[in-house]
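Biologist: I would like to learn how to read the features of a model like this one, step by step. Could you take me through them?

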Amino acid sequence: MTTLLDLKSSVLRQVQRSQSLRSRREPPPTASSPLPHCPDPLPRRVSGESGEFFQRMNAILQKQENMTRAAQAECQRGACTVPPPQEQMDQAFIPDRISRTELDLLYEEAVYTVVNRVGVPSAEHVKSDDELFAYLLKVFDIGEEEHDIILQKVQESKRASFSLRISVLKAKNLMAKDANGYSDPYCMLGILVGQGPRDPEEKKERKFSFRKRREKLEKRSSTKEVLPASCIQVTEVKPETLNPVWDEHFVFEIDDVHNDLLHLDIWDHDDDVSVAEACKKLNEVSGLRGMGRYFKQIAKSVRANGSASASSEENADDFLGCINIPLNEIPVGGYDTWFKLEPRSSTSKVQGECHLIMKLFTNQRDTTLSKKDTNISIHKKIFSQIVEYEHANVKREPYNWNGQVSPPAWTVLTHHAVQTDLSPLQQAIIRWQCYSSHHRNQRVCYSLLLRLLRTIDAEWDPPAVRGDLERQLSDSFRLYTEHCLGLMKNMRQVFPCTSAAAITRYELMLRGVGYMQNMRAFKTVCPLRNELHLDITTAVKKGTAEWYESLVVRYKPEDGSLEDQLKKLVQVIDAVCADLHRAQNIYNALFNSAVKVDYFSISLRQLEKLVADDVNVAMERVSGTLEQESFRLTQTMGETIFELFMSLKILKGFRDVLPLKDTKMLALTGYHNWFKSSIHKWLQIVHDRSCDRILQAVETDKLNALQSAKHSSSAVEVTACFSQVREIWLQLAWPDSAGAFIFVTRLTDNFCSEAVCYSEMITRKIERNQQGQDHKSFTVQLCIALNNMEHVRIFLGHLPRDLDWQGVEQAMEESCGLEGKEQVYKALNGQLFNVDLDLQREVKRLITHLTDKMMPELRRYIQHISLSPDSINNEDAVCPLMKYLQDTMAILTERLVKENLARVLQSMWELLLRMILDAVSENRGVQVEFYNRFQYTVELFMKSLGRSSEPKRKPL
């Protein structure tokens, strides 16, 4: 007896090394303690109501990912040939309608311009009058007869009188005439009447100097041929320099624009009384004698180089060079260039260049409009008429017109601007006014408007813009700004992200507005609009509010039942989230770079506030309904509340990109408090659906091991269900520590009760199936059931990590101190401890079924050993029992996971040992060989247990 008891204790110690359920239980896990490995659950589609429920939950959980993916796809817009949406025109803007009479007058002005063209045309200009007239007929809608009448009137009118504006800017690399290595240069310039060359050879041989003019003057008998005093101008003297800067401006009246010539001399000033000073007195000169005295004074001022003779060419060494420019060679747009200085004779030595700007213009026009209107106003009206005609004839992408006009249009506009002496700044302002006004009625490319603004800024000269022109420019800036602000307000409809062309236009428009607010011209003529970014912010806020109201009108979240209202609110919030994705990914960069406005922050604040107000009202109604004792939260209502919560969470998540200081006072900061009561009821619905799913999984389980696993489909389904519920909680991300503790405790309790419920259902299924099954089939199914329970138990071991118990403990410690932390620790770990006891109970219950099934066979084999005569050796007597045990253990070793194998072998050993002890007790006083045979049986079985507990070695 003593020997058998020693064997029992020895075997128990060996079996305990195989990790039974009790022996392998560890203390409550901490954050640093390793958890047993839990295989990832295999996905399996579950039919029925519970399966559809979890599918809908998955769809809700994936909503944020789907939104992000859709937003990214929207950002990757390629080249788009589809026209952008129509931009709303300014309702208050009514284009000026020109009367037929005024059109005729404008046409007369245009014809007069063509007839009186002067200057050398550029390559892009039209030279044919007939071609220009044909174009103007279409622009002004004039018939042939009307054209002939107007043309005849123009031809009979007085020809235009021209003047020449010339700016003497500077010279460089002049010759040094003084002993100090410098000169004291000044310019003398004038118009030589009728001096234009008739042919190139004549031009080549013609040399002129105001000094030589004296001899010709003395030979003339008529004062009409004398050089008029008013035709001579002189600059200031610039002392001691070879690179003088004068920057002086003169205007000459022209008698014959086709034959007159501009002549300019540069001289070195030396004497007290000089040509420069003499020229200043020219207004006193009249007649031939006066002109003679003028040239005598010039002769006296010429440096004689040691000789008094003024007629010698050698004494003219103060001459620095000259320039001769026939007026009929000046381009239409004038000159702005450096001219090389020429000698006055073959013996003169000169060098250097002089920078001149010159332009011809009319000082008198014999047209009806020119007598009653300003040149600026007339040019603006002609320009507007041409722009309207040109744009109407653009066939491809008229919305993207860059403002380029046809050669006839450019020719007429250029000549009219030149003839009416419009400065580059005036022309730039007129072009801006015409195009920006036209754009309000018929959109053009925003790059054109931006280019026009840059031209105004480059040419800006405040003194040159006064009176009506300043007022008109201010009005054009104001009207264009208001037009753009209106488009910004409606940007979601006018410039949608789905249209690449629309986004390109919007970017250019914002860049134009941003450029305008920094222009010197804008700050000068619009001094009260120095904070345009505030107007933009206001427009964005107003547009966002109106867009949200349109959502409310579209979805009508105040109509229908309470559940319907919540569903419609979800649609509103989802639309808001999609809009914020666009704001973050596309619009914000445009606003930041162009106008320095944080569009995303403005929109987020506005939309959060609007959504929060509506949802708060709705959830107050929900809370009031839930408080009613008779009300039961339906599954569809619960799903809708959960989806509403998740949509709000996505919306709140946009604040993560804002600076921390900007997120504290946002409207959705405490939105989770609206859902406290409903989330409790919602978790009960999740628990009910989980139980339904587990029940269905057990019912459909055939208890066949899955491929490469030792558990069946129901275990996978249960852990998959648990994983989805866990993911629901993680996605909720409840921010309140006290509330999180309550919900985590509730979830843990649900998991534990569902696991125990599953183990009980599996046990009952095994109990029902054991009737009529053979020993092997029953054993195989029982092994699978045991493995199923272990698979679920391992999942539960991960709950402290999956549900972030440590985070809950820390949060409770921060809010309630160490007592709160200990309360969380005890409550949560107590639940795990209890569920482990419950699962062990079900495991033992199943193992008991196995041992009960084995008991008749074991009793028969032990009786065989007891009754075997002494003549039979021990091995033969024990052989039937050992074969039965080995066959059973082979099945167990193959089918059970390690933990379950240890548990079953321990139970088998305890059963066998108890039965042997019973047999020994019933046969007291027999021979010692009887006891030795049972001792041999125990030793042999113990060796078998040792082999079964060792892992199988794979062949090399």
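Biologist: In what order do the four strands of the open sheet lie, and in which sense do they pair?

Modeller: Strands and helices here are DSSP runs, numbered from the N terminus, with E over at least two residues for a strand and H or I over at least four for a helix, and two strands pair if DSSP finds at least two bridges between them. In this case the order is S4-S1-S8-S7, and the pairing is antiparallel. S4 (245-254) and S7 are the edge strands, each pairing on one side only, and neighbouring strands of the sheet are turned by 25 degrees against each other on average, direction ignored. Those angles are taken between N-to-C directions and run from 0 to 180 degrees, with axes fitted as lines to C-alpha atoms, for helices over the stretch in contact.

Biologist: Before we go on, what kind of model is this, and what limits apply to its values?

Modeller: It is a predicted model, in which local features need pLDDT of at least 70 and side-chain atom pairs count only at pLDDT 80 or more, while totals for chains, interfaces and linings use all residues. Residues are numbered from 1 along each chain as its sequence is written, and side-chain values use heavy atoms, with hydrogens and water left out.

Biologist: How many bridges join S1 to S4, and which helix packs on the sheet?

Modeller: Eight bridges join these antiparallel strands, and valine 168 stands opposite glutamate 248 in S4. The helix is H12, which touches S1 and S8 and whose direction makes about 90 degrees with that of S8; contact means heavy atoms within 4.5 Å.

Biologist: Is strand S5 buried or exposed?

Modeller: Buried means under 20% relative accessible area, exposed over 50%, and partly exposed in between, with a 1.4 Å probe and protein chains only. Eight of the eight residues of S5 (residues 261-268) are buried, so the strand is largely enclosed by the rest of the structure. Both faces are covered, with Leu261, His263, Asp265 and Trp267 on one side and Leu262, Leu264, Ile266 and Asp268 on the other.

Biologist: Which strands pair with S5?

Modeller: Strand S2 (residues 185-192) is joined to S5 by eight bridges and runs antiparallel to it, with tyrosine 186 opposite tryptophan 267. Strand S6 (residues 319-326) also pairs with S5 in the antiparallel sense, over seven bridges, and there asparagine 324 is the bridge partner of histidine 263.

Biologist: How is a pocket found, and what volume does the second largest pocket have?

Modeller: Rolling a probe the size of a water molecule over the atoms shows where empty space is left. On a 1 Å grid over the protein atoms alone, a pocket is an open set of points where a 1.4 Å probe fits, with protein on both sides within 12 Å along at least five of seven lines, and lining residues have an atom within 4 Å of a point. The second largest pocket has a volume of about 640 Å³, a volume being the space filled by probe spheres set on the grid points, which are joined across faces, edges and corners. It is lined by 31 residues, of which Gly333, Lys359, Leu422, Pro424 and Gln427 lie nearest its centre. H12 gives the most to this lining, with five residues.

Biologist: Where does asparagine 173 lie?

Modeller: Asparagine 173 is in the loop between S1 and S2, and it has a positive phi of about 60 degrees although it is not a glycine. Its relative accessible area is 46%, so it is partly exposed.
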